[in-house]
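Here is a short briefing on one chain. Please read it alongside the sequence and the coordinates.

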Amino acid sequence: MHPLKGVFGHTRWVPEIMDASRLSTVFQADGPFATVTLDVSHDSESGAHEHELRVRAAGEQLVEQGADGAVVEAVTARLSELVDEPAPVTRTVVANAGGVVFDEVVHQRIDATAVHWGPLPDLSRWVEAAERNVRFALALVDHEGGDVAVYQSDVPEPESETSAGGETTHVHKVPVGGWSALRYQHETENVWSRNADAVADELDSVIKSGVPLVLLAGDPRSVAQVENRLSNQRATVVRLESGGRAEDGGDEAQQQAIREALLEYTVARRLELSHDLKDRLGQDNAVATGARDIADAFVKGQVDTLLVDPGAAREVELFVRDHPGFDVGDVPADQPLRADQALVAAAARTGANIVVMPRSSLGGAPAAALLRWNG
């Protein structure tokens, strides 16, 4: 059994910070855009047929909204391709006159298919689903090295797996006496240290790839050596009290430890942001609330992190003409834009972070922004 089989699916993950710059290429393309967010799971006997009906219905809705026929064909053709991944699977496809410009899946369920044709991609639902996921590394460590796997918290299978270390000469202490005992003990400890260094080097590479959380489990001494090597990394490193390379993946204690570590990490991140927002609001310092004030902050390049309730922001309209310099792409200045679409576009085009939070945590506003400076 894989170490994380059974870990996922029973906990609702708290949102993680998303770097919206990963969406920048989508928002550099020319509109109008067709966007469809669709449940593409096909885990039942009739799953393939139901999938076909959902895709057809989405195409018909795009036509009703006035979408260009070639764009509709590009979207439906892409969505018709079956995704061979465990359910639940939600797929978001965005296309313009040049073809598909965005195609991503997340392992989250959606309440209903979302179909949109307009001047901006409709990606707030995808952001909302994708942000529930946490990317993390799990390292199972012992004196001989370690196994390092990188996961998305909504998928039980790892996206990558690597073994590090592996030096075994003198890895076990030999019960001999005299000066030989000291020499063997010293060499054994050097082997342990080199194997721990190899695991730490592998984790260093993983962290540099953008993984914000590392979970360590296994032999306490080896884990401590790896943890010490990672002490200056920007990632959060958490030592688990259960699990190791020699244990099979069915260890419920290890699974529970992973669940708890993930939940504690994400809750801590959300609380940190909530407290930061509350403090800034109380001091009226480097903060903006409401879609219009945030649009003005984007014009000045002030926005570091956009905090948004997508559902609430969908009910608010913005006009580019009211915010000269508001960069959301080539859209008509006098055409109303949904605030969720416009704010996500601005975040993507300026490299801001995005965090999905409920309106109740945003002082009653549909969105708020943590700014780089006052002004």
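**A loop after helix α7**

A286 is buried at 8% relative accessibility; buried means under 20% relative accessible area, exposed over 50%, and partly exposed in between, with a 1.4 Å probe and protein chains only. This is a predicted model, in which local features need pLDDT of at least 70, side-chain atom pairs count only at pLDDT 80 or more, and totals for chains, interfaces and linings use all residues. Residues are numbered from 1 along each chain as its sequence is written, and side-chain values use heavy atoms, with hydrogens and water left out.

**Backbone features**

- A286 sits in the loop between α7 and β11. Helices (H or I, at least four residues) and strands (E, at least two) are DSSP runs, numbered from the N terminus.
- A286 is not a glycine, yet its phi is positive, at about 50 degrees.
- D284 lies in the loop between α7 and β11 (287–289). Its phi is also positive, near 50 degrees, in a residue other than glycine.
- D284 counts as exposed, at 61% relative accessibility.
- G31 and P32 are joined by a cis peptide bond, with omega about 0 degrees. P32 belongs to the loop between α1 (24–28) and β2.

**The whole chain**

- The chain has ten helices and 16 strands.
- Of its 375 residues, 48% are buried.
- Contact means heavy atoms within 4.5 Å. Among contacts in the chain with a separation of 6 or more, 69% come from residues 24 or more positions apart.
- The exposed area of the chain is about 17300 Å², and carbon and sulfur atoms supply 46% of it. Accessible areas come from the Shrake-Rupley method with a 1.4 Å probe; for residues, only the protein chains shown count as cover.

**A four-stranded sheet**

- Strands of a sheet pair through backbone hydrogen bonds, either parallel or antiparallel.
- Here four strands form an open sheet in the order β4-β3-β2-β5, and the pairing is antiparallel. Two strands pair if DSSP finds at least two bridges between them.
- β4 (99–106) and β5 (114–118) are the edge strands, each pairing on one side only.
- From one strand to the next, the twist averages 10 degrees. Axes are lines fitted to C-alpha atoms, for helices over the stretch in contact, and angles run from 0 to 180 degrees between N-to-C directions.
- Strands β2 (residues 33–39) and β3 (residues 90–96) run antiparallel and are joined by six bridges. In β3, R91 is the bridge partner of L38.
- Helix α3 (residues 69–80) packs on the sheet and touches β2, β3, β4 and β5. The direction of α3 makes about 155 degrees with that of β3.

**Salt bridges**

- The whole structure holds 18 salt bridges. A salt bridge is a side-chain nitrogen of Lys or Arg within 4 Å of a carboxyl oxygen of Asp or Glu.
- K208 pairs with D204 in a salt bridge, with the closest N and O atoms 3.2 Å apart. The two are separated by about one helical turn because they are four residues apart in helix α5.
- K208 is exposed, with a relative accessible area of 66%, whereas D204 is buried at 19%.
- E227 forms a salt bridge with R239, with the closest N and O atoms 2.5 Å apart. E227 lies in helix α6 (residues 220–229) and R239 in strand β10 (residues 236–239), so the pair ties together parts twelve residues apart in sequence.
- E227 is partly exposed at 24% relative accessible area. R239 is partly exposed at 36%.
- D340 and R338 meet in a salt bridge at 2.8 Å, N to O. D340 is buried, with a relative accessible area of 1%, while R338 is partly exposed at 22%.
- D122, R125, E128, R314, R338 and D340 form one network, joined by salt bridges that share partners.

**A buried valine in α5**

- V199 is found in helix α5 (residues 178–208). Its relative accessible area is 0%, so V199 is buried.
- Leaving aside neighbours within four places in sequence, V199 is in contact with V141, G145, G146, V148, A164 and V226.
- V199 and E144 are 55 residues apart in sequence and 9.9 Å apart in space, C-alpha to C-alpha.
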